[in-house]
Amino acid sequence: QTSKLPKDFFFGAAMSGPQTEGAWRRFGKIDSLWDTWSNEKIEDFFNRVGSYAGNDFTNRHNEDFALLKSLGLTTWRTSIQWSRLMDEDGLLNPEGAKYYHDLFADAHEAGLETFVNLYHFDMPTYLFRRGGWESREVIEAYANFARTAFGEFGQEIKYWFTFNEPVVEPQNRYTNGGWYPFHRDFAQACRIQYGISLAHSLGVEAFRELKADGTIRSDAKIGLINCFTPPYTKENPSEADLEAVRMTDGVDNRWWLDLVTKGSLPQDVIDTLSARGIDLPVRPGDEQILAQGVVDWLGFNYYHPARVQAPEKSEDEFGNPVFAQEYVWPDAVMNESRGWEIYPKGIYDFAMTMKHDYPDLEWYVSENGIGIEGEDASKDENGTIQDDYRIDFVGQHLKWIAKAIEDGAKCRGYHYWAVIDNWSWNNAFKNRYGFVEVDLMDGYSRHLKKSAEWLRQVATTHEVA
Ligand code: BGP
């Protein structure tokens, strides 16, 4: 049965500066943590695979904008790299500013509305060395960066976001230790999550001030993007399983949802952390700062659900408290390339939670996508990648979104990650997400995959067969 999406529902492409731009140390760019970390991986450095090169977007952005347009998309999101817009003295880098003015003008010219996010895991390295999100100086530096960006692009850009997935950086850097500097320290992850919450709120405060004095256009909106992973548990859960759900939901979702709707953090989560010896570095005046964090709308990145149950051990081998343990649902359909469960209904469940708990808040799906390894092997005689699984994946998610909207969800649009293959944090170019292939062996040239024509149909008709 064909599902229909509203006429004013927008389709677009999600991207980030560090994963696409490349142009390392050009236009006055200083290093972000990704540049520094990739530097340590000598092979990638010499092959120019990393945040150095992204997907060659800086050199090809006009071609890419034309491609997005030809696929029926009307919007796109990128991030302004802090390390490109600002210098080490915290002052505007004029070359970086010109870089983004030109980029946004070209997008506009191509007929695309630009959404701007201010932070996509890309801390400037010198600020990381000064304590990162645990340092008040760095939090202030972010507020200064946000204020500078609003001042510079406030008339050009309508849709702003303070952060992409603020929960992921503390998790990947410190809870799981999978990203530089590869430590596992849950208390530190919590302190960082708290620091980002303050930075977000100061960013929103600056936005409101500059909108009130006319620096920012009057129709502009500020939001936050997060991966609000809905947690599920076993059938007939025990008290302890439900407790695992409460804390997973509390730290990953409610923390941010409360911040952006109420201007405060969930007390039950703070109390539970405190009972386990984790106290947030709260200072007098913080409550007033967090109260500024209320946004106009939200972005929701959705890739997979969380399946959690009571942990077997209450501490890991490093002495960190453990509140929940992940498990594989017996009926799970997996994307083996990424190790993520495919569960399209999760998008609907989140939509219904939003409708119920935060009924006034508008939102859009700011990322959703499937990254597959070894797509090359499926090329037909014309060299076109046969990615039917992508059609299936996106189609199913869009159908659940259509149903959610019918049932009253305030979901306004959909951005796919990543319409054009790009560089990824841990996996470089191993898993490919695009409707458009990037051929690394041929100077990053672009080629449509089979699914591109399908996307064009859907985005132009707003119908999903
Ligand atoms: C999201 C990030 C993106 C992107 C995506 C896919 O969490 O916002 O930056 O990378 O996940 O994940 P990955 O590249 O790790 O496969």
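**View 1. Q19 is buried in helix α1 of this predicted model.** Helix α1 covers residues 17-20, and Q19 is found in it. The relative accessibility of Q19 is 2%, so the residue counts as buried, for which the cut-off is under 20%. The side chain of Q19 also has a polar partner: S16. The two side chains are joined by a polar contact of 2.8 Å. Q19 appears again in the next view, as one of the residues around the ligand.

**View 2. Residues from many parts of the numbering surround the ligand.** The shell consists of Q19, H120, N164, E165, Y303, R338, W340, E367, W417, S424, W425 and Y433. By class, five of the shell residues are nonpolar, four are polar and three are charged.

**View 3. Polar side-chain atoms lie close to ligand oxygen atoms.** R338 places a polar side-chain atom 2.8 Å from an oxygen atom of the ligand. For E367, a side-chain N or O atom is 3.0 Å from a ligand oxygen. The side chain of W425 likewise has an N or O atom 3.0 Å from an oxygen atom of the ligand. On its own, the ligand has 370 Å² of accessible area, and the protein covers 93% of that.

**View 4. Strand β13 is largely enclosed and pairs with β8 and β15.** β13 runs over residues 362-367. Five of its six residues are buried, so the rest of the structure largely encloses this strand. Strand β8 (residues 297-301) is parallel to β13, and five bridges join the two. In one of the pairings, W297 has E362 of β13 as its bridge partner. β13 also pairs with strand β15 (residues 411-416), again in the parallel sense, over two bridges. Here V365 stands opposite Y414 in β15. E367, a residue of the ligand shell, falls within the residue range of β13.

**View 5. Three strands form an open sheet with mixed pairing.** The strand order is β7-β9-β10. β7 (231-232) and β10 (325-326) are the edge strands, and each pairs on one side only. Strand β9 covers residues 306-309 and runs antiparallel to β10. Two bridges join β9 and β10. Q309 has Q325 of β10 as its bridge partner. In general, strands of a sheet pair through backbone hydrogen bonds, in either the parallel or the antiparallel sense.

**View 6. Helix α15 has the end-to-end span expected for its length.** α15 contains 19 residues, numbered 388-406. At 1.5 Å a residue, the helix should span 27 Å. Its end C-alpha atoms are 27 Å apart, so the two values agree. The buried residues of α15 are R390, I391, F393, V394, G395, H397, L398, I401, A402, A404 and I405. G408 follows the helix and has a positive phi, near 105°.

**View 7. R84 is a buried arginine in helix α5.** Helix α5 spans residues 82-85 and includes R84. At 0% relative accessibility, R84 counts as buried. A polar atom of the R84 side chain lies 3.0 Å from the backbone oxygen of R26.

How values were computed: Residues numbered from 1 in each chain as written. Predicted model: local features only at pLDDT ≥ 70, side-chain atom pairs only at ≥ 80, totals over all residues. Heavy atoms only, no water. Near = heavy atom within 4 Å. Polar contact = N/O pair within 3.5 Å; in protein donor to acceptor, adjacent residues only side chain to side chain. Areas by Shrake-Rupley, 256 points an atom, 1.4 Å probe, with all protein chains shown as cover. Nonpolar A, V, L, I, M, F, W, Y, C, P; charged D, E, K, R; others polar. Helix = DSSP H or I, 4+ residues; strand = E, 2+ residues; numbered from the N terminus. Expected span 1.5 Å × (residues − 1). Buried < 20%, exposed > 50% of the residue type's maximum accessible area, 1.4 Å probe, protein only. Pairing = 2+ DSSP bridges.
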